[in-house]
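Biologist: I would like to learn how to read a structure like this one. Could we go through it feature by feature?

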Amino acid sequence: MDSRKIIPITTLVILLFFPLIQFFPSVFGDQNYVIHLMLYAFYYMVMTSSWNIIGGYGGFISVGHNAFLCIGAYIAGYYSIMWGVSPFYLILLAGIGAGIFGFFVGLITLRVKGPSFIISSIALIMILRIIFDRWELVGGASGITLPYNSLSVEFSKFPHYYGFLALAIITIYMNWYVRHSKFGLALRAISHDEIRSAVAGINVKYIKVTAFVLSTFFIGCAGAIWADYLTYVRPNIFLIILIAANVVLMVILGGMGTVTGPIVGTIIFIAFNELILSYLGATELNLLFTGLLLVITLLYFPNGIVGTLKNKGKLPRFLDWG
Amino acid sequence: MFIIQTIILGLCLGFVYALMATGLTLIFGVMRIVNLAHPIFILVGAFAAYYLFVIFGMDPIFAIPLCAATTAILGAITYKLVFEKDAGSQTYSEMTVLLTFGTAMVLDGTLSYLFKNTQRITSPPYATDAIFIGDIFLPTAQLYSGLISIALIVGLGLFLKFSKLGIAIRATSLSRVNAELVGIDVKFVCIFSFVLGCALAGAAGSLVSFVFSFFPAKHWEWIAILMSLVVLGGMGSILGVVISAAILSVMASLVGAFIAPAWSTMVFFVALFVMLLVKPHGMFGKYLE
């Protein structure tokens, strides 16, 4: 077996069995908060890895990707109430809904590159915020409330843990696949020069929009599980710029356009965030430090951790997946 | 009569929006920086005006130079710390968007930590007054702020048109390399126009402080509004920004009057999307990469 596969596979096995410690509270104590943190990390890994498809390889930096998270969450929330089923059965539906929405948004906004694209992604959040705040069908500003699941407290996070873990694995695999496929090659060519790629025979529009839809699909799926986890869907929870800012920051911190960068960035950022929360509490200072970290990373490590290490040739082999 | 009334109110607000966006478009034109921190500079100006009014009883209109100075100093510091480092790099334009995004978050966090997210508004005596011309009434706050905005924009236009430094700024925004060739100190022009843009933000903030109620997190909403004006006006054209601000805010106030006030800001965002769909490079702009 390839030696670089050993560490990822071992980690995966540990992660698969980790929640089982909840069955032995006398030995390990109640680790619900640790499980929460881990599923939170998986949730952000889904978002960062799928953001990386369009933002990292394609070079289209979107700071409005939580719009698709919101669409997925609303689809799952609305239909789970209407049909009386758990949002878990609606993950695919939520993903497809977000993907279709992403298709139309992508057709419009992917026409422009650089600053204009970033601005349009901010405007997208603002538009959805206005619409969802006033759309009575989905509860307006107070949103949709979902029922709790019937599991007892110690095990109530299990479905979300495994759901996000599975989704994160699929998304990371997709990220790796795109990086090593012809499709990803075309995408990276587009990020350097659209006109030259078109001359070289790449169907620029098709590739761009497909990548965008792919990235919005997984975010929509994550939205469905996250809606069930929070048990409510509300515009002011999903449609805030901080979520998108966190995603962008995590990817840049880890390394844009790499397979392992988003994972590393997510873990480091969430650890950092926990430190701030435990020492300073949940104040506005959180926003300040997030911004500060973003500025410092961009100024001094624009390639991120994985990218910088790779350029120096010091990247550990188990992180080197392209 | 009701329509004329709405249009006039919309125009007054439109000129304030135009002043808010002028600094932004100036900075973009000269330096290719999309300054997402611009709205938070406006808020800093508004907070300066608020505390000058509350503590010293200073009229926000007379406080404009002080507010402009505050944001100009802040802008100079930001420029030194953040933007000077890699002005020559390939992906400068995209990098700076994220840099200014981070700067905006830092300033937003600081302001909300210091002043908390409560609604504030300065209330000079004319803020609640109105002038009647026939059946049309004009709230003096909006009238004054609109007029001062026009005056400041015209002043800026004259400065850019006739002064030597203004010509240097326009030359730099046309072509950086050629400006350098004819002996313009491009580096100084960049710093100067960034600081000038920030000073305009401060001046706008002082006017905003008695027109809108404001709180630190409000700038995210303004970012999208101002950016839609800049994109619509063609990234870097001051005249374009003024025209698009006037048109859009009249439309917004018509929507507010005839449909529902809550939907009025939607006009700006929808206009941005329609613009991207039809003419991605703006109504009055030249083709820019």
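**Strands, helices and a shared side**

Modeller: Start with a pair of residues: B:Phe132 stands opposite B:Phe137 in E2(B). This is a predicted model, in which local features need pLDDT of at least 70 and side-chain atom pairs count only at pLDDT 80 or more, while totals for chains, interfaces and linings use all residues. Residues are numbered from 1 along each chain as its sequence is written, and chains are lettered from A and ligands numbered from 1 in the order in which they are written.

Biologist: What do strand and helix labels such as E2(B) stand for?

Modeller: Helices (H or I, at least four residues) and strands (E, at least two) are DSSP runs, numbered from the N terminus. Two strands pair if DSSP finds at least two bridges between them. Here strand E1 (residues 130-133) of chain B and strand E2 (residues 136-139) of chain B are joined by 4 bridges and run antiparallel. Within this pair, B:Ile131 has B:Leu138 in E2(B) as its bridge partner.

Biologist: Which residue in the hairpin of E1(B) and E2(B) takes a positive phi?

Modeller: That is B:Gly134, with a phi near 65°, in a hairpin that has 2 residues between the strands. As for side chains, in a regular strand they alternate between the two faces of the sheet.

Biologist: How many helices and strands does each chain have?

Modeller: Chain A has 15 helices and 2 strands. To judge its spread, use the radius of gyration, which is taken over C-alpha atoms, and the globule rule, which is 2.2 Å times the number of residues to the power 0.38. For chain A the radius of gyration is 20 Å, close to the 20 Å that the rule gives for 322 residues, so chain A is as compact as a globular protein of that length. The box filled by its C-alpha atoms, taken along the principal axes, is roughly 60 × 50 × 40 Å.

Chain B has 11 helices and 2 strands. Read from the N terminus on, its elements run α-α-α-α-β-β-α-α-α-α-α-α-α. Its radius of gyration is 19 Å, close to the 19 Å from the globule rule for 289 residues, so chain B is as compact as a globular protein of that length. The C-alpha trace of chain B spans about 60 × 45 × 35 Å along its principal axes.

Biologist: How many residues of chain A are in contact with chain B?

Modeller: Two residues are in contact if their C-beta atoms, placed from the backbone, lie within 7 Å. By that test, 34 residues of chain A are in contact with 36 residues of chain B. On the chain A side, the elements that give two or more residues are helix H5 (91-109), helix H6 (115-134), helix H12 (241-254) and helix H14 (285-300). H6(A) gives the most, with 11 residues. For classes, Ala, Val, Leu, Ile, Met, Phe, Trp, Tyr, Cys and Pro count as nonpolar, Asp, Glu, Lys and Arg as charged, and the others, Gly among them, as polar. The chain A side that touches chain B has 24 nonpolar, 7 polar and 3 charged residues.

Biologist: At what angle do H6(A) and helix H9 of chain B cross?

Modeller: Axes are lines fitted to C-alpha atoms, for helices over the stretch in contact, and angles run from 0 to 180 degrees between N-to-C directions. The axes of H6(A) and helix H9 (residues 219-233) of chain B come within 9 Å and cross at roughly 130°. Angles under 35 degrees count as roughly parallel, over 145 as roughly antiparallel, 65 to 115 as roughly perpendicular and the rest as oblique. H6(A) and H9(B) are therefore oblique to each other. Among the residues that meet are A:Ile119 and A:Met126 in H6(A), and B:Met227 and B:Val231 in H9(B). This contact of H6(A) with H9(B) divides into 8 nonpolar, 2 polar and 1 charged.

Biologist: Which angle separates H3(A) from H7(A)?

Modeller: Helix H3 (residues 32-57) and helix H7 (residues 158-180), both of chain A, pack at about 25° with their axes 9 Å apart. That makes H3(A) roughly parallel to H7(A).
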